[in-house]
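Good morning, colleagues. I should like to take you through several local features of the structure now on the screen.

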Amino acid sequence: MVQVCNSLAGDDPTEEARKALSVVLESGLFRALADPTRVAVLAALLDGNEATVGEVAQCCPVDFSVVSRHLGVLREAGVVRSRKHGREVRYRPQVTALVDSLRALADSLEGCCPREAAI
């Protein structure tokens, strides 16, 4: 597990905060969102409709196969889900799961780390 909280602050994070933080860090979420093309792919899916790889690929100046690989990384990280529809695979963002993961991280940091003083 990655230690995020400052031990000099005097308060150790609670076990619940450690678990939430560990889940977010180990999910691959940051790796999935670290690539600008993957962020563009996710943005293309945020209109609320399911889309095929071909439809998503219109967002980016990269090859169809590259978009497909990026969608796979996003799916493994839990950012998008896929479902087979006939011969097509359709993708949709998992907004609730993404928001929950980011909220858990924010709550963990807020619960264990002191707030910075305003300058």
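**The disulfide and its surroundings**

Cys 60 is buried, with a relative accessible area of 10%. Please keep in mind that this is a predicted model, and that the values I quote are computed from it. The neighbouring cysteine in the sequence, Cys 59, is partly exposed, at a relative accessible area of 33%. The cut-off for "buried" is under 20% relative accessible area, and "partly exposed" extends from there up to 50%, so Cys 60 at 10% falls in the buried class, whereas Cys 59 at 33% does not.

These two residues, Cys 59 and Cys 60, form a disulfide, and their sulfur atoms are 2.4 Å apart. A search of the whole structure returns 1 disulfide. What is the handedness of the disulfide between Cys 59 and Cys 60? The torsion about its S-S bond is about -50°, and the disulfide is therefore left-handed.

Let me turn now to the strands. Strand S1 covers residues 80–85 and strand S2 covers residues 88–93; the two run antiparallel and are joined by 6 bridges. Together S1 and S2 make a hairpin, with 2 residues between them. In the turn, Gly 86 has a positive phi of about 65°.

Which residues of S2 stand opposite the arginines of S1? For Arg 81, the bridge partner in S2 is Arg 92. For Arg 83, the residue opposite in S2 is Arg 90. As a general point, the side chains of a regular strand alternate between the two faces of the sheet.

My next topic is the surface. Leu 46, Val 95 and Val 99 form a nonpolar patch there, and together they have about 230 Å² of accessible area. One of these residues, Val 99, belongs to helix H6, which comprises residues 95–112. Membership of such a patch requires over 30% relative accessible area; Val 99 is partly exposed at 35%, and so it meets that requirement.

Finally, I come to a helix earlier in the sequence. Helix H2 spans residues 29–33 and includes Arg 31. Leaving aside residues up to four places away in sequence, Arg 31 touches Arg 38 and Val 73. Between Arg 31 and Ala 77 there is a separation of 46 residues in sequence, and their C-alpha atoms are 8.4 Å apart in space.

Thank you for your attention.

How values were computed: Residues are numbered from 1 along each chain as its sequence is written. This is a predicted model: local features need pLDDT of at least 70, side-chain atom pairs count only at pLDDT 80 or more; totals for chains, interfaces and linings use all residues. Side-chain values use heavy atoms; hydrogens and water are left out. Two strands pair if DSSP finds at least two bridges between them. Helices (H or I, at least four residues) and strands (E, at least two) are DSSP runs, numbered from the N terminus. Patches are made of residues with over 30% relative accessible area and no salt bridge: like charges are joined within 9 Å, nonpolar side chains (Val, Leu, Ile, Met, Phe, Trp, Tyr) within 5 Å. Accessible areas come from the Shrake-Rupley method with a 1.4 Å probe; for residues, only the protein chains shown count as cover. A salt bridge is a side-chain nitrogen of Lys or Arg within 4 Å of a carboxyl oxygen of Asp or Glu. Buried means under 20% relative accessible area, exposed over 50%, partly exposed in between (1.4 Å probe, protein chains only). A disulfide is a pair of cysteine sulfur atoms within 2.5 Å. Contact means heavy atoms within 4.5 Å.
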